[in-house]
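Work through the exercises below with the sequence and the structure in view. Each task is followed by a solution in steps.

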Amino acid sequence: MQSPKRYAIVGLGSRSQMFSSALLKDYTEQGELVAFCDLNQTRMNYYNARYKERFGIADIPTFKSDEFDCMISQQRVDTVIVTTIDRTHHHYIIRALEMGCDVISEKPMTTDAEKCQQILDAVKRTGRKLTVTFNYRYSPRNSKVKELLQSGVIGEVISVHFEWLLDTVHGADYFRRWHRDKANSGGLMVHKSTHHFDLVNWWLDSTPQTVFGMGSLRFYGRENAEKRGVTEFYERAHGNPNAEGDPFALHLDKNEGLKKMYLEAEHEDGYIRDRSVFSDGISIEDDMSVLVRYNSGATMTYHLTAYSPWEGYRVAFNGTKGRLEYEVTENPYVSGSDKDTNRPDIRDAKEVDVHEPARILIRPLHSKPLQIEVTSDEGGHGGGDQRLLDDIFKPSDEVDPLGRAADHTSGAMSILTGIAANQSFATGMPVKVADLVQI
Ligand SMILES: NC(=O)c1ccc[n+]([C@@H]2O[C@H](COP(=O)([O-])OP(=O)(O)OC[C@H]3O[C@@H](n4cnc5c(N)ncnc54)[C@H](O)[C@@H]3O)[C@@H](O)[C@H]2O)c1
């Protein structure tokens, strides 16, 4: 039997939990977690205390970010898992590859074309393996769409219409912390849409060629709130009476985990987790429209809204033999308060509950529509997280007919649509993806 691979995790924020827990609980035969690295010691200590309580283990050795190289040599790390903030992914990916490790990186692989090129060059130069964790590919319903398109049931896909809605809980969270600065996240076009653009690349088995987009900040931010008549503002929720009763406020001290991970750790690095979404200093967009031409000849109209009353997505594929319509509800609505006092008074309207979590409909040409059975599993991202973990920690020898594992090229392709869109937002011109990087 092969000895377990030695893993280190860099970036001990909320996403790191999925990988740590998996290695400490479900994949102990395949992998050993041998080091944590972060610039914040309090957060690393918090996780060590938590895992000791949960799994009864001794402390995982911790290393500050400037001890990264030493950590790799000292702990004889085989694979580095990168879950830091997006702006820093390239730094750890490249250094780990250069030190002879394989890398598993959270999406987005990085935030701009220059860093993307540096990563691609490092993979080529070192011959090491870089995996980008696209959990959405693994959710059974998204896999079903891939399977149907692959089967040719709607023929050749000519166009795609894709709308993604982030609600005022999840969507708002990007406007409270580091993501709100475009330099940190590449904006939602890169940080968030990398998931969606990856799905389309994978569903169509193609890559983006030309991108044109328009994006703006119209809902969050002080200026927009002022236009809507808001007069009371605050910088952050913690310790501020104005935040009480604000449905957009995040109260760190009311959640033990958030309090320990962020509030009690901010003295080290000044990372404020609970900024008001209506404060100054936001440089990302909350409403984005994008038009893409793919190398297969297909086109896509895409829209991302970050202030929606419900969360989910709708995709329609128009093909030479028919149409595939796909709708997923991730959260049917966000309550504004205990009493939902915000209901508009509309004559003849009645409240409805949206029950159906996901629906796939095939509308063949000259035939009645067919509803496809959709399985949705428990667990993060429609059951995608668990399947992704299996694939990275316990890969099977069999070839996956759906090709779900994503390498550095898929990682690059998924961010290039968003990077091109950001450029297009700034210049008002279409952008050719081939002009951004050399794959
Ligand atoms: N695939 C998914 O569905 C999914 C979901 C959530 C987050 N993510 C990704 O995971 C990553 C982390 O997100 P999060 O929500 O956990 O953020 P977070 O803010 O909770 O954690 C980020 C961590 O990185 C650390 N960090 C920041 N700069 C660093 C540096 N220079 N060196 C070392 N550590 C540094 C911070 O101290 C913090 O502990 C992001 O890239 C995000 O896109 C992916």
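**Exercise 1.** Decide whether Arg6 is buried or exposed, and find the polar partner of its side chain.

Solution. Step 1: the relative accessible area of Arg6 is 17%. Step 2: buried means under 20% relative accessible area, exposed over 50%, and partly exposed in between, with a 1.4 Å probe and protein chains only. Arg6 is therefore buried. Step 3: Arg6 belongs to strand S1 (residues 5-10); strands (E, at least two residues) and helices (H or I, at least four) are DSSP runs, numbered from the N terminus. Step 4: a polar atom of the Arg6 side chain lies 3.2 Å from the backbone oxygen of Arg76. A polar contact is a pair of N or O atoms within 3.5 Å; within protein, one must be able to donate a hydrogen and the other to accept it, and residues adjacent in sequence count only if both atoms are side-chain atoms.

The model is predicted: local features need pLDDT of at least 70, side-chain atom pairs count only at pLDDT 80 or more, and totals for chains, interfaces and linings use all residues. Residues are numbered from 1 along each chain as its sequence is written, and side-chain values use heavy atoms, with hydrogens and water left out.

**Exercise 2.** Describe the backbone and exposure of Arg76 and His366.

Solution. Step 1: Arg76 sits in the loop between helix H3 (68-74) and strand S4 (79-82). Its phi is near 50°, a positive value in a residue other than glycine. Step 2: with a relative accessible area of 54%, Arg76 is exposed. Step 3: His366 lies in the loop between strand S13 (358-364) and S14, and its phi is near 60°, again positive in a residue other than glycine. Step 4: His366 has a relative accessible area of 84%, so it is exposed.

**Exercise 3.** Find the cis peptide bond between Lys107 and Pro108 and place Pro108 in the chain.

Solution. Step 1: omega of the bond joining Lys107 and Pro108 is about -15°. Step 2: Pro108 is in the loop between strand S5 (102-106) and helix H5 (113-126).

**Exercise 4.** Check the length of helix H15 and describe its course and ends.

Solution. Step 1: the expected span is 1.5 Å times one less than the number of residues. Step 2: H15 has 20 residues (408-427), so it should span 28 Å, and its end C-alpha atoms are 28 Å apart, which agrees. Step 3: H15 has a kink of about 30° centred on Leu416; the bend at a residue is the angle between axes fitted to the seven residues ending there and the seven starting there. Step 4: of the 20 residues of H15, 15 are buried. Step 5: Asp407 caps the N-terminal end, with a side-chain oxygen 3.1 Å from the backbone nitrogen of Thr409. Step 6: after H15 comes Gly428, with a positive phi near 75°.

**Exercise 5.** Which residues come nearest to the ligand, and how much of the ligand is covered?

Solution. Step 1: there are 27 residues around the ligand, and Asp38, Asp86, Tyr92, Tyr262 and Tyr271 come nearest; a residue counts if one of its heavy atoms lies within 4 Å. Step 2: a polar side-chain atom of Tyr92 is 2.6 Å from a nitrogen atom of the ligand. An N or O atom in the Tyr271 side chain is 2.6 Å from an oxygen atom of the ligand. Step 3: taken alone, the ligand exposes 850 Å², and the protein buries 91% of that. Areas come from the Shrake-Rupley method with a 1.4 Å probe; for residues, only the protein chains shown count as cover.
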